[in-house]
Amino acid sequence: MRILIVDDEEAIRKLVRKYAEFAGYDVAEAKDGMEAVLLCRKEEYDCVIMDIMMPELDGFSACREIRKSTQTPIIMLSARGEEYDKLFGFELGIDDYVVKPFSPKELMARINAVLSRKRSAAPAVQNSMKFGGLEINMAARTVTVDGAKVDLTPKEYDLLFYMVRNMNIALSREKLLEEVWGFDFYGDDRTVDTHIKMLRNSLKQYRNLIVTLRGMGYKFEKIQ
């Protein structure tokens, strides 16, 4: 398994490399976002660990560029723990957000969890499902509305696919955070509501397939 560590602080790169190599990962490094984007265009990585505040190209911009060509899991590192930064990162398609200073052991646990979810999700994919004029192809990661392709963020795809795989099952916000984001968001479920709102807008006339369960969460309800 190959990991790319992106941080302008050499000490951080060395620390993460030490623990990652001890855990059996093959490790590459980049000192800024520009270098990270170029490496991801040439090489394949199983996970990218990336700082936000960097010269040349910041982590958010680098993530946006990387997401144009690959769905490689991205874990953000930042000294800024504001909710706005976290939400912005998730909207760009990151898989986890770790605030500095961090525990290297915790970071390794988060990397393992992200990679485990990636591996376990693959076999459960069904090729294509249709709900009226809404077609969802989980294997190809495509969604079409009345024949027109809909572009979703990576996290919107993950959220929709998880809800469809658990069709007609009531899903709490906490459950969605745990299964789709894969970490404890400290009880703040607004990130789920934000992504549900964006997802509904993308589904247009089929938005009502995602049903709100007042005071609890959501479910994807099949058309009878």
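**Values set against their definitions**

Author: Asp146 is found in the loop between β8 (142-145) and β9 (148-150). The model discussed here is predicted.

Reader: Why is Asp146 called partly exposed?

Author: The relative accessible area of Asp146 is 47%. A residue is buried under 20% and exposed over 50%, and the term partly exposed covers what is in between. The value of 47% falls between these limits, so Asp146 is partly exposed.

Reader: What makes the phi of Asp146 noteworthy?

Author: Most residues other than glycine have a negative phi. Asp146 is not a glycine, yet its phi is positive, near 50°. Lys204 is a further case, with a positive phi of about 55° although it is not a glycine. Lys204 belongs to the loop between α8 and β11 (210-213). Gly93, just after α4, also takes a positive phi, of about 110°.

Reader: What makes the peptide bond from Lys100 to Pro101 stand out?

Author: Most peptide bonds are trans. The bond from Lys100 to Pro101 is cis, and its omega is near -10°. Pro101 has its place in the loop between β5 and α5.

Reader: Why is the chain described as being as compact as a globular protein of its length?

Author: The chain has eight helices and 12 strands. Its radius of gyration is 18 Å, and the globule rule gives 17 Å for 224 residues; the two values are close, so the chain is as compact as a globular protein of that length. Along the principal axes, the C-alpha atoms fill a box of roughly 55 × 35 × 30 Å.

Reader: What share of the residues counts as buried, and what share of the contacts joins residues at least 24 apart?

Author: Of the 224 residues, 51% count as buried. For contacts between residues at least 6 apart in sequence, 57% join residues at least 24 apart. The chain exposes about 11,100 Å², and carbon and sulfur atoms supply 50% of that area.

Reader: How far apart are the mean positions of the positive and negative charges?

Author: The chain has 34 positive and 36 negative charges, and their mean positions are 4 Å apart.

Reader: Why is His195 called buried?

Author: His195 is found in helix α8 (residues 190-203). The relative accessibility of His195 is 0%. The cut-off for buried is under 20%, so His195 meets it. Leaving aside neighbours within four places in sequence, His195 is in contact with Phe90, Glu91, Lys155, Glu156, Leu159 and Trp181.

Reader: How do you know that the side chain of His195 makes a polar contact with Thr191?

Author: A polar atom of the His195 side chain lies 2.9 Å from the backbone oxygen of Thr191. The limit for a polar contact is 3.5 Å, and the pair is within that limit.

Reader: Which residues of helix α4 are buried, and which elements do they pack against?

Author: In α4 (residues 83-92), the buried residues are Asp85, Lys86, Leu87, Gly89, Phe90 and Leu92. They pack against α3 (59-66), β5 (96-99), α6 (154-165), α7 (173-181) and α8. Phe90 is also one of the contacts of His195.

Reader: What makes Lys118 and Lys175 partly exposed?

Author: Lys118, in helix α5 (residues 104-121), has a relative accessible area of 42%. Lys175, in helix α7, has 33%. Partly exposed is the term for values between 20% and 50%, so it applies to Lys118 and to Lys175. Not counting residues up to four places away in sequence, Lys118 touches Asp46 and Pro73. From Lys118 to Ile136 there are 18 residues in sequence and 19 Å in space, C-alpha to C-alpha. Lys175 and Gly217 are 42 residues apart in sequence and 8.8 Å apart in space, C-alpha to C-alpha.

Reader: How do you know that a polar contact joins Ser128 and Glu135?

Author: Their side chains are joined at 2.9 Å, and the limit is 3.5 Å. Ser128 is found in the loop between α5 and β6 (129-131). Beyond residues up to four places away in sequence, Ser128 touches Glu135, Ile136 and Asn137.

Reader: Why does Ser128 count as partly exposed?

Author: Its relative accessibility is 30%. That value lies between the limits of 20% and 50%, so Ser128 is partly exposed. Ser128 and Val48 are 80 residues apart in sequence and 29 Å apart in space, C-alpha to C-alpha.

How values were computed
Residues are numbered from 1 along each chain as its sequence is written. This is a predicted model: local features need pLDDT of at least 70, side-chain atom pairs count only at pLDDT 80 or more; totals for chains, interfaces and linings use all residues. Side-chain values use heavy atoms; hydrogens and water are left out. Helices (H or I, at least four residues) and strands (E, at least two) are DSSP runs, numbered from the N terminus. The radius of gyration is taken over C-alpha atoms; the globule rule is 2.2 Å times the number of residues to the power 0.38. Buried means under 20% relative accessible area, exposed over 50%, partly exposed in between (1.4 Å probe, protein chains only). Contact means heavy atoms within 4.5 Å. Accessible areas come from the Shrake-Rupley method with a 1.4 Å probe; for residues, only the protein chains shown count as cover. Lys and Arg count as positive and Asp and Glu as negative; His and the chain ends are not counted. The place of a charge is taken as NZ of Lys, CZ of Arg, CG of Asp or CD of Glu. A polar contact is a pair of N or O atoms within 3.5 Å; within protein, one must be able to donate a hydrogen and the other to accept it, and residues adjacent in sequence count only if both atoms are side-chain atoms.
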